[in-house]
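Reader: I've just opened this one and don't know where to look. Could you walk me through it?

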Amino acid sequence: MRKIIITLMIIVSALGMQAQKGEKTIGVSAGYNTYNENCIAGIFFQYRFSKYFRIAPDLQYQMKNNGVSGYQFNGNAHFPIKMDTRINFYPFAGVTYQSWRAKFNETDEQETRKNYFGANVGGGFEYFATPTLRLAAEAKYSVLRHYSNGSFTLSIGFVF
C-alpha cells in the first residue's frame, strides 16, 4: 500500500511540474462523517491541469462525538465532466491519511491515536454561481484497513 501511495505522489508531482497555467480554487467545506457520526470541517485547494483533470488536496477535521475525533488529509484526482454551462459532475479517486483519537478498547484508560493510509473514491457536483465563486456537494468513501468511512460535504470556493 505504501508503494502505491508513493508512486501516486510521484505521478502527481510530475504532472504539477508540467503545468504552466490552470484554474485554481481555494475554499472551505463542512459536512458529516459516518465513522464518528458527527460534523466535519475542512479546507481545500484544487488545481485544474486540463479540461478533464485536476488535483484536489484537502484537510478535514472530524469533530469529537462519542469520544472519537480525528483528522484526514486527502489527495484526490478529479475528472470534471461538464453538464451545463455552470454545472459539472466530477468522479474522483485518490489517497487518504487519517488519524483517529479515541479509547479504542474498553480497557484503555487514556485516549490513543491510530493512523491509517487508505484510498478514496467518490463524486460530486459543482455549480459556478459566478466565474469566481464555486459551490459544490460531494460524497466520498474512504477505504481503510479497520476504519472505513463515508463523508458528505458542502463547500464554497474562490476560483482564480
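**A tour in questions**

Author: Let's start with one ring: at 24% relative accessibility, Tyr97 counts as partly exposed. Keep in mind that this is a predicted model.

Reader: Okay, and which residue does Tyr97 form a tilted aromatic pair with?

Author: A pair of aromatic rings is described by the distance of the centres and the angle of the planes. Here the centres are 5.1 Å apart and the planes make an angle of 50°, a tilted pair. The partner, at 40% relative accessibility, is partly exposed. The ring that pairs with Tyr97 belongs to Phe117.

Reader: How many residues apart in sequence are the parts that this pair ties together?

Author: Look at where the two rings sit: Tyr97 is in strand β6 (residues 87-102), and Phe117 is in strand β7 (residues 112-130). The pair therefore ties together parts whose separation in sequence is 20 residues.

Reader: How many aromatic pairs does the structure hold?

Author: Tyr97 with Phe117 is one of them. Another joins Tyr47 and Phe49, edge-to-face, with 5.0 Å centre to centre and 75° between the planes. Both Tyr47 and Phe49 are buried. In total, the structure holds 11 aromatic pairs.

Reader: Which residues do ring pairs link into a cluster?

Author: Some of the names come up again in the largest nonpolar core, which includes Trp100, Tyr116 and Tyr147. Ring pairs do the linking in the cluster, and its members are Tyr35, Trp100, Tyr116 and Tyr147.

Reader: How many residues does the largest nonpolar core have?

Author: Its members are Val68, Trp100, Ala102, Phe104, Tyr116, Leu144 and Tyr147. Leaving aside neighbours within four places in sequence, Tyr116 is in contact with residues including Leu144 and Tyr147. Another core lies apart from it, with five residues, among them Tyr47, Phe53, Ile55 and Ala77. As for the largest core, the number of residues is seven.

Reader: Let me step back a bit. How many helices and strands does the protein chain have?

Author: Reading along the sequence gives the pattern α-β-β-β-β-β-β-β-β-β. Of the contacts with a separation of 6 or more, 51% come from residues 24 or more positions apart. The count for the chain is one helix and nine strands.

Reader: What share of the residues of the protein chain counts as buried?

Author: The chain has 160 residues. To count as buried, a residue needs a relative accessible area under 20%. The share is 39%.

Reader: Is Asn38 buried or exposed?

Author: You'll find Asn38 in strand β2 (residues 38-50). Not counting residues up to four places away in sequence, Asn38 touches Gly31, Tyr32, Asn33, Met63, Lys64 and Asn65. Its relative accessible area is 18%, and the cut-off is under 20%. So Asn38 is buried.

Reader: How far apart in space are Asn38 and Met63?

Author: In sequence, the two are 25 residues apart. Going C-alpha to C-alpha, the distance in space is 6.3 Å.

Reader: Which residue in the loop between β3 (53-65) and β4 (68-78) has a positive phi?

Author: Most residues other than glycine have a negative phi, and most peptide bonds are trans. Glu37 has a positive phi of about 50° although it is not a glycine, and its place is in the loop between β1 (24-33) and β2. The residue you're after also has a phi of about 50°, and at 66% relative accessibility it counts as exposed. In the loop between β3 and β4, that residue is Asn66.

Reader: How much space lies in the largest cavity?

Author: The structure holds one cavity of 30 Å³ or more. Of the 17 lining residues, the closest to its centre are Phe44, Gln46, Asp58, Glu138 and Ser155. The lining divides into seven nonpolar, seven polar and three charged residues. The space in the largest cavity is about 160 Å³.

Reader: And how many charged residues are in the lining of the second largest pocket?

Author: About 180 Å³ of space lies in this pocket. Its lining includes Arg48, Lys51, Lys82 and Arg86. Alongside four nonpolar and two polar residues, the number of charged ones is four.

Definitions and conventions
Residues are numbered from 1 along each chain as its sequence is written. This is a predicted model: local features need pLDDT of at least 70, side-chain atom pairs count only at pLDDT 80 or more; totals for chains, interfaces and linings use all residues. Side-chain values use heavy atoms; hydrogens and water are left out. On a 1 Å grid over the protein atoms alone, a cavity is a set of points where a 1.4 Å probe fits but cannot get out, and a pocket is an open set with protein on both sides within 12 Å along at least five of seven lines; lining residues have an atom within 4 Å of a point. Grid points are joined across faces, edges and corners, and a volume is the space filled by probe spheres set on the points. Ala, Val, Leu, Ile, Met, Phe, Trp, Tyr, Cys and Pro count as nonpolar, Asp, Glu, Lys and Arg as charged, and the others, Gly among them, as polar. A nonpolar core is a set of buried Ala, Val, Leu, Ile, Met, Phe, Trp, Tyr and Cys residues joined through side-chain atoms within 4.5 Å. Buried means under 20% relative accessible area, exposed over 50%, partly exposed in between (1.4 Å probe, protein chains only). Contact means heavy atoms within 4.5 Å. Rings of Phe, Tyr and Trp (its six-membered ring) pair if their centres lie within 6.5 Å; planes under 30 degrees apart count as stacked, over 60 as edge-to-face and the rest as tilted. Helices (H or I, at least four residues) and strands (E, at least two) are DSSP runs, numbered from the N terminus.
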